[in-house]
Amino acid sequence: MSIAGFEVEVDRGRGLETEEMTLNMGPQHPSTHGVLRFVVKADGEIMRRAIPDVGYLHRSIEKISEKVGYHGFMPYTDRVDYVAAMFCNQGWGMVTEKLADIEVPKRGEYCRVIAAELNRISSHLLSVGTMILDIGAITPFFHAFREREKINDLLEELCGARLTYNYMRIGGVAWDLPPGYEEKVLAFLSQFDRMLEEYDDLVTSNKLFRARCSGVAAISPADAAAYNLVGPNLRACGVRYDVRRDEPYSVYPELEFDVPVGTGSAGAVGDSFDRYLVRILEIKESIKILRQCFQQIPDGPVVAKVPRKLKPPAGDVQIRVESARGDMSWYAVSDGSEFPYRCKVRTGSFAAMGMIEELSKGLMLADLVTVIASLDIVAPEVDR
Amino acid sequence: MLQQFLDSLIADGTLGGMPRDVAYLIGMLGAGALVVFGFVLNISGVTTFVERRVWARIQSRIGPNRVGPQGILQWLADGIKLLMKEEAIPFAADSALFKLAPFVVTVGFITAFVAVPFSSALVIADLNLGILYITSMTSLVVVGIMIAGWASNNKWSLIGGIRAAAQIVSYEIPAALSIFTVILITGTLSMQGIIQQQGWGPWDWFIFHSPFTFVGFFITFVSLLAEGNRTPFDLPEAESELVAGFVTEYSGARYLFFFLVEWGNLYVISAILVTLFLGGWQVPMIPGLAESPFWLNLTQAVTFIVKSYAGVITMMWIRATLPRVRVDQLMSTCWKYLLPIAFVNFMGTALWVLIWPEGFRFAELALTLLGFSMVVYFFYRVVFHLRRSGAELTFSPLS
Amino acid sequence: MTEFSMFPVVFYLMAAITVGSAFGVAFTNNIFYSAIALMFTLLGAAGLYVMLAADFVAVVQVFVYVGGILVLTLFAINLTSRIGDVSVSNRSLGRFPSFLVLGLIGYSMVRAIRTAAWNVVEVGDPVPTIEAIGDAFLTQYILPFELASLVLLAALVGAVVLSRKELKEVRG
Amino acid sequence: MEAAEIHAALRDKFSDKISATDEAAKDPSAVVDGAAIREICAFLRDDERLRFDVLNNQTGVDYKAEGYIEVVYHLYSYEYRHGVVLKARANRDEPVLPSVEEVWKAANWLEREIYDLLGVKFLDHTDLRRLLMPEDWVGYPLRKDFVEPEEYHGISTTRESLLR
């Protein structure tokens, strides 16, 4: 057994028999980020393992897709991951466009990227904020959410909703950017840049925060690949892979941005602190992308002409979107009718959730919430 | 005072033929009730309100501002609401102990208040064992917490209780050792006696008495934070890990008792620190003040309460800022760092007192200077950060 | 009418608490109840000390026994297996030998009470005892005091040795 | 490596196990013999030229008319940045496939989900339980002939439409 980095030999020869305690964490627990349940086998404060029990938020979204048609399914995709709904919109849009050979107008693509990157910032802010909250500090959470509110305001102006956006359409986006939107976003970004630095000072260099995260649940690149860990979680392990850069889609090839990876600045590479830090760095990259988008965005229509009754030719395709929680893989099968034959989305949290049982072995009880938060698990995304 | 009053009542026959001791008992109970309901519980209540407002400012919110002017009566509303609420006792809980636990906790807290001084005359009982008495009475609190944790028949509560016990028993040692450094200097355990040996100026406070007491102050502060289950040591109730720890199953009035104690303890911790290290109620002797006991005691009490609340607000600030430590970090902080340093402090202070029994004026002044420059640097850094980030300090949702 | 004094009333109250909860320690089935009853026994004893004008001993009784030893006892009980079930019981073992021991001790105590020459002192006002205790420890009784500290030190070292676990660094 | 080359490499090794390849489709895919899926996957992961270290997605599709359930494997290689799609078919009446859990750990949960929703049994899976649905659920919801039960533990699954 290992405690805090030390291998401990427990002498069991002198009758010091210990008994496993079974703890039920959730479905209603303050730090499970939605309705999740873990059955924790613990030896005092040290976990033998935590067995995830998911399905409390299963809404059969994939089954619904078979009944509502291609256009009609778009609002449902918001509910796959309500923290980063733009990416689910985009994923469904892209997979249908690939099925039906629809070309999205350039301005539509830029609108998509702007909306998606704004959403990525807000999702990362939520993730980082709740992670700090779970570790026990309360104020940074409020600061992160204050900035997130401003992004919500911006997105509300864009599409009329603050959480389930339903902004994108097959073949583009629903509405063009409202007048004066560029100034508003850029004003927010210049303010947010400075605030981000401030929060960085407050949290990233906080000794207690570092001590709580360093070395907790460090993941090796090989393990990350075997468990199909994606997105920031994968990059934190030192794998420089980003779908936006390596399997480019939309207008990302025209945009310049770095792919930050974990460097083990607080302990081991791929530990909880790296996962936190990669998200902070990604927020900065998203700011860069947003600024470039407003410089490059061309005029023109935002949505392609798509028949109201869309009947893509029979076939199956897969696309991948770099969501806030990483590589979101959409697979759709068409049988030539106006309803999808099958739709499947493999989300970032699903993969991360499958790894927790393995990661939890030998951690302290308090580390479980750190791990859940640092893997940025959103329960509805696991269950769909 | 009370005794004279009762004696006079007995003498003019107002109480009839009531035996003297019974009259004393009733008088004491009455006075005790007056103190508890009129003062102790109110301090806890007001502290909850202050905490919520201080937090709100730190988190750029507004905080409760609806009940009474600036929401000052919010704590009363909360208290009444909790008293009115139905109390749910879990079916599987051990109901006798479940009901007993909040009272054990509250008794431990309220009896500690007996020896807390507010001015040279305002103290319920100036026990000659004052500080030892307070530390021993607050240790009843942990027994109550353990009873609550076990009787809830909830594993999260049980873990909370175990954590509380491990934490408080461990941190009692450095806390007691650091408190004893002051006792080495004063030679008395009485709270009033300790204060009387300090002066009104910071250079006469025990925190600046020697380098050892300077360090001892911080050790005491950290250890008392841990004993009071405050962030960053709030593991027993860590809401993100243990739901609410030992209070998970409590509701209504019993829940209220736990939180009265929690916030009241903040005040007790500050009062201990102020008494031991920060000069207590000592005020400069302005000519004429000494002649009027009323004004003297009032200024002293105000000084004491202001100093204590400065401590309370510091603890709130810490709670709003810092994350929680892990159990192993908690224990290693105590046993690997605080305890050895506290021992060195203890020996060092003993030597210091042996060499300079009357104190060493140069060191006191130098340490005062050091302390003040630390405070000044701290505020300079705060202002520097604010300037650099150009942070918006208030959030106006309508803009 | 003679002056009614609360002193005996308080004394008998304290004595009743002490003895009653001591019975509780011995006879309840639930080990956690025993521990809680022990707390009342200790507090009752502290009350008796106060009545004997031994304020220092009383406070130390609460500080050490309630704040330290009882908490550790509760801690140990909480870590016992299956404590999660509220209905834990400690079975009584070996009744016959215990009655034998009880009889022997009871006999010798009654005998001691009957034969001892009681040194009766008038109850005076309580006076601070702490300075006298300190002086006595460092002058008259310095040898036993130091011996006791040695024994405690040995116990501490022994406890550390017994509970020591081998630590090896996992990561380099 | 292009899809055609990967398919060629597969054919070299498992000539009799690859029943069809489709390079013209939007996502080129290879239909492989279900019984050999684990060996094929292990080969794809370990081969020097291929190095498919990631099981990106695993999906079950119920082709009722054709009478089989198709399990689709989307593989990807972080080293070479290329992907391949494998399809393994299982008899619809009693679908059984070998598990690829020992090749990629990620398959653990993906296969549990397919088992849960489509009823494909994966041999040698370490923990084949339902993932999303309740453990006592009857039937496999994503099958095309699945009929929702009238009630579940006394709870009705239908409700009156509010839009009338």
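**Close-up views of a four-part story**

**View 1. C:Leu156 sits in helix α6 of chain C.** Keep in mind that this is a predicted model: local features need pLDDT of at least 70, side-chain atom pairs count only at pLDDT 80 or more, and totals for chains, interfaces and linings use all residues. Residues are numbered from 1 along each chain as its sequence is written, chains are lettered from A and ligands numbered from 1 in the order in which they are written, and side-chain values use heavy atoms, leaving out hydrogens and water. Helices (H or I, at least four residues) and strands (E, at least two) are DSSP runs, numbered from the N terminus. Is C:Leu156 buried or exposed? C:Leu156 counts as exposed because its relative accessibility is 55%. The cut-offs are under 20% relative accessible area for buried and over 50% for exposed, with partly exposed in between (1.4 Å probe, protein chains only).

**View 2. C:Leu156 belongs to a nonpolar patch on the surface.** Its fellow members include C:Phe137, C:Tyr141, C:Leu153 and C:Val161, and the whole patch has about 1,200 Å² of accessible area. Two elements of chain C, α5 (130-138) and α6 (142-163), give two or more residues each. The biggest giver is α6(C), with nine residues. Patch residues have over 30% relative accessible area and no salt bridge; like charges are joined within 9 Å, and nonpolar side chains (Val, Leu, Ile, Met, Phe, Trp, Tyr) within 5 Å. A salt bridge here is a side-chain nitrogen of Lys or Arg within 4 Å of a carboxyl oxygen of Asp or Glu. Areas come from the Shrake-Rupley method with a 1.4 Å probe, and for residues only the protein chains shown count as cover.

**View 3. Chain C has six helices and one strand.** Reading from the N terminus, the order is α-α-α-α-α-α-β. Of its 172 residues, 21% are buried. Carbon and sulfur atoms own 72% of chain C's accessible surface, which comes to about 12,600 Å².

**View 4. Three strands of chain A make an open sheet in the order β3-β4-β5.** Their pairing is antiparallel, and two strands pair if DSSP finds at least two bridges between them. At the edges are β3 (21-25) and β5 (46-53) of chain A, each pairing on one side only. On average, neighbouring strands are turned by 20° against each other, direction ignored. Helix α13 (residues 365-374) of chain A packs on the sheet, touching β3, β4 and β5 of chain A, and its direction makes about 35° with that of β3(A). Axes are lines fitted to C-alpha atoms, for helices over the stretch in contact, and angles run from 0 to 180 degrees between N-to-C directions. Contact means heavy atoms within 4.5 Å.

**View 5. Strand β3(A) has two faces.** In a regular strand, side chains alternate between the two faces of the sheet. A:Met21, A:Leu23 and A:Met25 are on the covered face, while A:Thr22 and A:Asn24 are on the uncovered one. Five bridges link β3(A) to β4 (residues 37-43) of chain A. Across in β4(A), A:Met21 has A:Ala42 as its bridge partner, and A:Thr22 faces A:Lys41.

**View 6. B:Gln59 lies in the loop between α2 (20-58) and α3 (74-84) of chain B.** With 1% relative accessibility, B:Gln59 counts as buried. Which residues touch B:Gln59, leaving aside neighbours within four places in sequence? They are A:Ile138, A:Thr139, A:Phe142 and A:His143.
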